[in-house]
Amino acid sequence: MKKLSAVLGIFLFFAVAVNAQESAKAETAGGAEMTFDSEVIDYGTISQNADGVRTFKFTNTGNAPLIISNAKGSCGCTVPTWPKQPINPGEKGEIKVKYATNRTGPINKSVTVTSNASTPTKVLRIKGNVLVKETSPVMKDENSLSPKAVN
């Protein structure tokens, strides 16, 4: 009799655990959903010290308010700002990213967004190339050793 009770107890435990997992899946089947117009922004080729602000646009395509809890750049040169208020179903939002264009060379950075969406972590990318800003040519004055700008 004890063996039968133990087997029934184990069976009941697994039945409750499976039911709890199914309930959790049903809860996350709905909810907030973040759908981006594009998950990659290409800066193209830009000059050094150019405007480094770009915008990722998204829509909450879910059925619950979307709350973004954090957005973090892959380095200090990539700084995101995001809406702090909930985005209701059907509403649009923006995540702005400022890249420090005083750095020259290729851009290949990411922004990790954390939210209550069905996919709680989303990685966005920025790419491009920052070229050294050209300066005025310099030539020496015949009568002096100091350089002077060419007009």
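Student: How do β4 and strand β7 pair, and over how many bridges?

Tutor: In this predicted model, β4 and β7 (residues 105-115) run antiparallel to each other, with 5 bridges between them. To find one of those spots, look at Gly-73, whose bridge partner in β7 is Val-111.

Student: Which sheet are they in, and what's the strand order?

Tutor: They belong to an open sheet of 4 strands, ordered β2-β8-β7-β4, and the pairing there is mixed.

Student: Which strands stand at the edges of that one?

Tutor: Those are β2 and β4 (68-73). Each has a single partner strand, so one side of each has no neighbour in the sheet. From one strand to the next, the twist averages 15°.

Student: OK, zooming out. What's the overall secondary structure of the chain?

Tutor: The protein chain has 1 helix and 10 strands. Reading from the N terminus, the order is α-β-β-β-β-β-β-β-β-β-β, with the helix ahead of the strands.

Student: And how much of it is buried?

Tutor: Of the 151 residues in the protein chain, 25% are buried. The accessible surface is about 10200 Å², and carbon and sulfur atoms account for 57% of that.

Student: What share of the contacts comes from residues far apart in sequence, say 24 or more positions?

Tutor: Among contacts with a separation of 6 or more, 62% are between residues 24 or more positions apart.

Student: Back to sheets. What's the order in the antiparallel one?

Tutor: That open sheet also has its strands listed in a row: 4 of them, in the order β1-β3-β6-β5, with antiparallel pairing. At its edges stand β1 (34-36) and β5, each with a single partner strand, so one side of each is left without a neighbour in the sheet. Here the twist averages 30° from one strand to the next.

Student: How many bridges does β6 make with β3?

Tutor: There are 7 bridges between β3 (residues 53-60) and β6, and the two strands run antiparallel. Take Phe-58, which has Gly-93 as its bridge partner in β6, and Lys-57, which is partnered with Glu-94.

Student: What about β5 and β6, how many there?

Tutor: Strand β5 (residues 78-81) is joined to β6 by 4 bridges, again antiparallel. Thr-78 is a good place to look, with Tyr-99 as its bridge partner in β6.

Student: Which residues of β6 are on the covered face, and which on the uncovered one?

Tutor: In β6 (residues 92-99), Gly-93, Ile-95, Val-97 and Tyr-99 make up the covered face. The uncovered face has Lys-92, Glu-94, Lys-96 and Lys-98. So for the two β3 bridges I mentioned, Gly-93 belongs to the covered face and Glu-94 to the uncovered one, because that is how the strand's residues divide.

Student: Switching topic: how many aromatic pairs are there?

Tutor: The structure holds 3. In one of them, the ring centres of Phe-36 and Phe-56 are 6.5 Å apart and the planes are at 90°, so this pair is edge-to-face. Phe-36 is in strand β1 and Phe-56 in strand β3, 20 residues apart, so the pair links distant parts of the chain.

Student: Are those two rings' residues buried or exposed?

Tutor: Both count as buried: Phe-36 has 10% relative accessibility and Phe-56 has 1%. Together with Phe-58, they form one aromatic cluster.

Student: And what's the geometry of Tyr-43 and Tyr-99?

Tutor: Their ring centres are 6.3 Å apart with the planes at 70°, so that pair is edge-to-face too. Tyr-43 lies in strand β2 (residues 40-47) and Tyr-99 in strand β6, so the pair ties together parts 56 residues apart in sequence. Tyr-43 is buried at 6% relative accessibility, and Tyr-99 is buried at 4%.

Student: Last one: which cysteines does the disulfide join?

Tutor: Cys-75 and Cys-77, with the sulfurs 2.3 Å apart. The structure holds 1 disulfide.

Student: What's its handedness, and why?

Tutor: The torsion about the S-S bond is about -45°, so the disulfide is left-handed.

Student: Is each cysteine buried or partly exposed?

Tutor: Cys-75 is partly exposed, at a relative accessible area of 24%, whereas Cys-77 is buried, at 2%.

Methods:
Residues are numbered from 1 along each chain as its sequence is written. This is a predicted model: local features need pLDDT of at least 70, side-chain atom pairs count only at pLDDT 80 or more; totals for chains, interfaces and linings use all residues. Side-chain values use heavy atoms; hydrogens and water are left out. Buried means under 20% relative accessible area, exposed over 50%, partly exposed in between (1.4 Å probe, protein chains only). Contact means heavy atoms within 4.5 Å. Accessible areas come from the Shrake-Rupley method with a 1.4 Å probe; for residues, only the protein chains shown count as cover. Two strands pair if DSSP finds at least two bridges between them. Axes are lines fitted to C-alpha atoms, for helices over the stretch in contact, and angles run from 0 to 180 degrees between N-to-C directions. A disulfide is a pair of cysteine sulfur atoms within 2.5 Å. Rings of Phe, Tyr and Trp (its six-membered ring) pair if their centres lie within 6.5 Å; planes under 30 degrees apart count as stacked, over 60 as edge-to-face and the rest as tilted.
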